[in-house]
Structures are given as C-alpha cells and as structure tokens.
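Here is a set of short exercises to work through with the model in view. Try each task yourself before you read its solution.

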Amino acid sequence: SKTEQRILLENYWQASLTNSILRLLTQAPTEKRVQYFEDHQNLLFPSKYEEEVQKASEIEKMDPSYVLSLIRQESGFNPLARSPTDALGLMQLMPT
C-alpha cells in the first residue's frame, strides 16, 4: 500500500540506504516516482555529505549539484562502494 511504501522508504532513508530507495522507486510507475521525488527532493541528493561536497566543490571550482549527481550515479551515496575494477568510494575513484 501507499502508506507501507512511504514507511519503508522513510526507514531506508533513516538507515542511509539510498541505493535501496532508488531501487524501490524504480519499480514504481513513472508518475508516482516523479511525484515522490518532487515531494521528497532530499532522496535525490542526501545531505549526509553536504559539508564535504561543498568544501570539495569550492576547492575544485565545481558546481556542488554536479558532484552530488556524480556521487549518486557512481555509488548511490555508499561510501564503501567498490567496483569490479577496484574503483572506490562515493565517487568511484581509482586508487592510482
């Protein structure tokens, strides 16, 4: 039900399980997904790393929204993410 889905999404949010949120929402019909993101924009760009992103964006002279978009795409805000090619962390950077 809509209420159960909202509760599940809120629990995922509290647990910082951004990938689970995105995975669950991709199963929803497009109009519901769009409406949910419009109502809860914080799900697109969690503020957990806001301070770090802001500092890095200023140093590198990049738009913070671009950095957040890259992090969301590459790791889903999972700081422990590791790709099959050994790219690591939020932005999936290579160790070398």
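**Exercise 1. The largest pocket**

What volume does the largest pocket have? Find out, too, which residues are the closest to its centre.

*Solution.* Keep in mind from the start that this is a predicted model.
- Step 1: The volume of the largest pocket comes to about 320 Å³.
- Step 2: The pocket is lined by 13 residues, and K2, Q5, K32, Q35 and Y36 are the closest to its centre.
- Step 3: Now look at the helices. Both α1 and α3 supply at least two residues of this lining, and α3 has the largest share, with five residues.
- Step 4: Sort the lining by class: five residues are nonpolar, three are polar and five are charged.

**Exercise 2. The second largest pocket**

Describe the second largest pocket in terms of its volume, its lining and the helices that contribute to the lining.

*Solution.*
- Step 1: Its volume is about 180 Å³.
- Step 2: The lining includes Y49, E52, V53, I71, L90 and M91.
- Step 3: Two or more residues of the lining come from each of α4 and α5. Helix α4 gives the most, six residues.
- Step 4: By class, the lining of the second largest pocket counts nine nonpolar residues, one polar residue and two charged ones.

**Exercise 3. Following L90**

Which residues is L90 in contact with, once its neighbours within four places in sequence are left aside?

*Solution.*
- Step 1: Locate L90 in the segment after α5.
- Step 2: With those neighbours left aside, L90 is in contact with Y49, I71, E74, S75, F77, N78 and P79.
- Step 3: Take S75 from that list. In sequence, S75 and L90 are 15 residues apart, while their C-alpha atoms are 5.2 Å apart in space.
- Step 4: Connect this with Exercise 2, where L90, Y49 and I71 appear in the lining of the second largest pocket.

**Exercise 4. S83**

Is S83 buried or exposed?

*Solution.*
- Step 1: S83 sits in the segment after α5, a helix that covers residues 64–75.
- Step 2: The relative accessibility of S83 is 18%.
- Step 3: The cut-off for buried is under 20%, so S83 counts as buried.
- Step 4: Look for a partner as well: the side chains of S83 and T85 are joined by a polar contact of 3.0 Å.

**Exercise 5. Helix α2 and its surroundings**

Which residues of helix α2 are buried, and what covers them?

*Solution.*
- Step 1: Helix α2 is made of residues 18–26, and its buried residues are T18, S20, I21, L22, L24 and L25.
- Step 2: Their cover includes α1 (2–14), α3 (30–39) and α5.
- Step 3: Add a note of caution. Confidence in the chain is lowest in α2, with a mean pLDDT of 75, and highest in α4 (residues 50–60), at 92. Where pLDDT is low, predicted coordinates should not be read in detail.

**Exercise 6. The whole chain**

How many helices and how many strands does the protein chain have?

*Solution.*
- Step 1: The count is five helices and zero strands.
- Step 2: Along its principal axes, the C-alpha trace spans about 45 × 30 × 25 Å.
- Step 3: Of the 96 residues in the chain, 28% are buried.
- Step 4: Finish with confidence: the mean pLDDT of the chain is 82, and 93% of its residues reach 70 or more.

Methods:
Residues are numbered from 1 along each chain as its sequence is written. This is a predicted model: local features need pLDDT of at least 70, side-chain atom pairs count only at pLDDT 80 or more; totals for chains, interfaces and linings use all residues. Side-chain values use heavy atoms; hydrogens and water are left out. Helices (H or I, at least four residues) and strands (E, at least two) are DSSP runs, numbered from the N terminus. Buried means under 20% relative accessible area, exposed over 50%, partly exposed in between (1.4 Å probe, protein chains only). A polar contact is a pair of N or O atoms within 3.5 Å; within protein, one must be able to donate a hydrogen and the other to accept it, and residues adjacent in sequence count only if both atoms are side-chain atoms. Contact means heavy atoms within 4.5 Å. pLDDT is the predictor's confidence in each residue, from 0 to 100. On a 1 Å grid over the protein atoms alone, a cavity is a set of points where a 1.4 Å probe fits but cannot get out, and a pocket is an open set with protein on both sides within 12 Å along at least five of seven lines; lining residues have an atom within 4 Å of a point. Grid points are joined across faces, edges and corners, and a volume is the space filled by probe spheres set on the points. Ala, Val, Leu, Ile, Met, Phe, Trp, Tyr, Cys and Pro count as nonpolar, Asp, Glu, Lys and Arg as charged, and the others, Gly among them, as polar.
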